[in-house]
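Biologist: I should like to go through the terms used for this structure and hear the grounds for each. Please set every value against its criterion.

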Amino acid sequence: MTATHYACPICSFPLQNQENLFRCENNHSFDRAKENYLNLLPVQFKHSKNPGDNKAMVNARRAFLEQGYYQPLVDRLVALYQEKVLTDANKPTIVLDAGCGEGFYTHQHKNTENTVYGVDIAKEAIKKAGKKYPQCHFSVATLSKLPFSDSLFSWIISVYAPILEKEFTRVLSAGGFLLTVTPAKQHLMQLKQHIYHDAKEHDEEKLPIEHLTLVHQENISYQMHLKTGQDTLNLLAMTPFAFKASKEAKESLLSQHDFICQADFLIRLYQKSN
């Protein structure tokens with residue numbers, strides 16, 4: 001049995017690994033699925049049968065992201081990571097993508113000198129991530145009780161996912177960083193205007209982090225030219241307002257080509273004290 005970075009989601013003891021079996025000293029065991037992921041979400045932690053995004057939502061998000069519309073965001077996230085995290089051969093960097101979805105942002109942080117984990121509550125998303133990006137480690141788990149020991153990660157990213165400061169701080173190492181991405185004021189405004197009569201700007205003032213130190217903040221804003229109506233519908237499926245869209249609104253969006261829509265991201269970088 002070899003040690004891993006995972007902790008048992010039931011008792012928090014370290015998980016040891018032997019081939020495709022992960023087991024703690026209390027004999028709680030978890031199998032690695034054929035799609036190369038671990039399911040570390042015990043049934044007692046579930047609030048529904050299949051929590052998180054469903055298969056249709058996962059497929060729509062992957063189809064949209066693979067078109068490269070959000071690549072300027074990813075490039076900036078990776079640049080910040082490379083700029084802030086010092087490489088130390090004696091202490092390899094361990095990265096967590098908290099709420100990783102199907103691994104689009106996760107795998108782009110992987111390099112030859114780090115170890116990268118992705119966690120999401122949506123099993124359908126993690127299955128796709130594990131299968132496509134074997135160089136990273138993926139698990140189904142809840143962000144409110146991450147299956148890792150204290151002070152493990154030097155870099156955590158949270159892109160359009162719940163930000164749980166207390167739990168993120170627990171698994172963040174001293175001096176480690178938490179990078180969050182949330183919608184800035186004008187994000188997807190043209191899309192929202194197709195759904196709502198009085199589309200409102202996003203509220204940038206809400207600060208979900210109270211105790212970590214904000215060390216950097218910036219906006220990334222650019223126009224996206226969505227090539228096909230299907231791209232636009234895929235983007236809509238990624239948003240909370242997809243459920244508010246009428247059949248007529250969806251048909252109108254599907255018929256449009258080269259739909260111009262604003263991408264407007266707010267990036268905040270926090271650091272844990274030493």
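Biologist: Which residue in β8 does Tyr 37 stand opposite?

Modeller: In this predicted model, Tyr 37 stands opposite Phe 138 in β8. Three bridges join β5 to β8, and the two strands run parallel.

Biologist: What makes β5 and β8 a pair of strands?

Modeller: Pairing requires at least two bridges between the strands. β5 and β8 are joined by three, so the criterion of at least two is met.

Biologist: What joins β8 to β7?

Modeller: Four bridges join β7 to β8 (residues 137-140), again in parallel. Gly 118 stands opposite Phe 138, and Tyr 117 stands opposite His 137. Between these strands the chain passes through helix α3 (residues 123-132), forming a β-α-β crossover that is right-handed.

Biologist: Why is that crossover called right-handed?

Modeller: The term applies because, with the strands pointing away from the viewer, the path from the first strand over the helix to the second runs clockwise. Here that path leads from β7 through α3 to β8.

Biologist: Where do β5 and β11 stand in the sheet, and why is one side of each without a neighbour?

Modeller: The sheet is open, with eight strands in the order β5-β8-β7-β6-β9-β10-β12-β11 and mixed pairing. β5 (37-39) and β11 (213-226) stand at its edges; each has a single partner strand, so one side of each has no neighbour in the sheet. On average, neighbouring strands of this sheet are turned by 20° against each other, direction ignored.

Biologist: What links β6 to β7 and to β9?

Modeller: β6 and β7 pair in the parallel sense over six bridges, with Asn 114 in β7 as the bridge partner of Thr 93. Three bridges join β6 (residues 93-98) to β9 (residues 153-159), also parallel, and Val 95 stands opposite Trp 155 in β9.

Biologist: How many residues of β7 are buried?

Modeller: Six of the seven residues of β7 (residues 114-120) are buried, and the strand is described as mostly covered.

Biologist: Why does Ile 157 count as buried?

Modeller: Ile 157 lies in β9. Its relative accessibility is 1%, and buried means under 20%; Ile 157 therefore counts as buried. Leaving aside neighbours within four places in sequence, Ile 157 is in contact with Leu 96, Asp 97, Ala 98, Tyr 105, His 109 and Leu 179.

Biologist: Are Tyr 160 and Leu 188 buried or partly exposed?

Modeller: Tyr 160, in the loop between β9 and α4 (165-171), has 38% relative accessibility. Partly exposed is the range between under 20% and over 50%, so Tyr 160 counts as partly exposed. Leu 188, in the loop between β10 (172-183) and α5, has a relative accessible area of 4% and is therefore buried.

Biologist: What is the phi value of each of these residues?

Modeller: Phi of Tyr 160 is near 50°, a positive value in a residue other than glycine. Leu 188 is not a glycine either, and has a positive phi of about 55°.

Biologist: Why are α1 and α3 called oblique to each other?

Modeller: The axes of α1 (residues 55-65) and α3 cross at roughly 45° and come within 8 Å. Angles under 35 degrees count as roughly parallel and 65 to 115 as roughly perpendicular; the crossing fits neither class, so α1 and α3 are oblique. By class, their contact has three nonpolar, one polar and six charged residues. The charged ones include Lys 55 in α1 and Glu 124 in α3.

Biologist: Why are α6 and α7 also oblique to each other?

Modeller: α6 (residues 229-237) and α7 (residues 247-254) pack at about 135°, with axes 7 Å apart. Roughly antiparallel needs an angle over 145 degrees, and roughly perpendicular ends at 115; α6 and α7 are therefore oblique. Gly 229, Gln 230, Thr 232, Leu 233 and Leu 236 in α6 meet Lys 250, Leu 253 and Leu 254 in α7.

Biologist: How many residues of α6 are buried, and what do they pack against?

Modeller: Seven of the nine residues of α6 are buried, among them Asp 231, Asn 234 and Leu 235. The buried residues pack against α1, α5 (189-195), β11, α7 and β12 (259-271).

Technical notes. Residues are numbered from 1 along each chain as its sequence is written. This is a predicted model: local features need pLDDT of at least 70, side-chain atom pairs count only at pLDDT 80 or more; totals for chains, interfaces and linings use all residues. Side-chain values use heavy atoms; hydrogens and water are left out. Axes are lines fitted to C-alpha atoms, for helices over the stretch in contact, and angles run from 0 to 180 degrees between N-to-C directions. Contact means heavy atoms within 4.5 Å. Buried means under 20% relative accessible area, exposed over 50%, partly exposed in between (1.4 Å probe, protein chains only).
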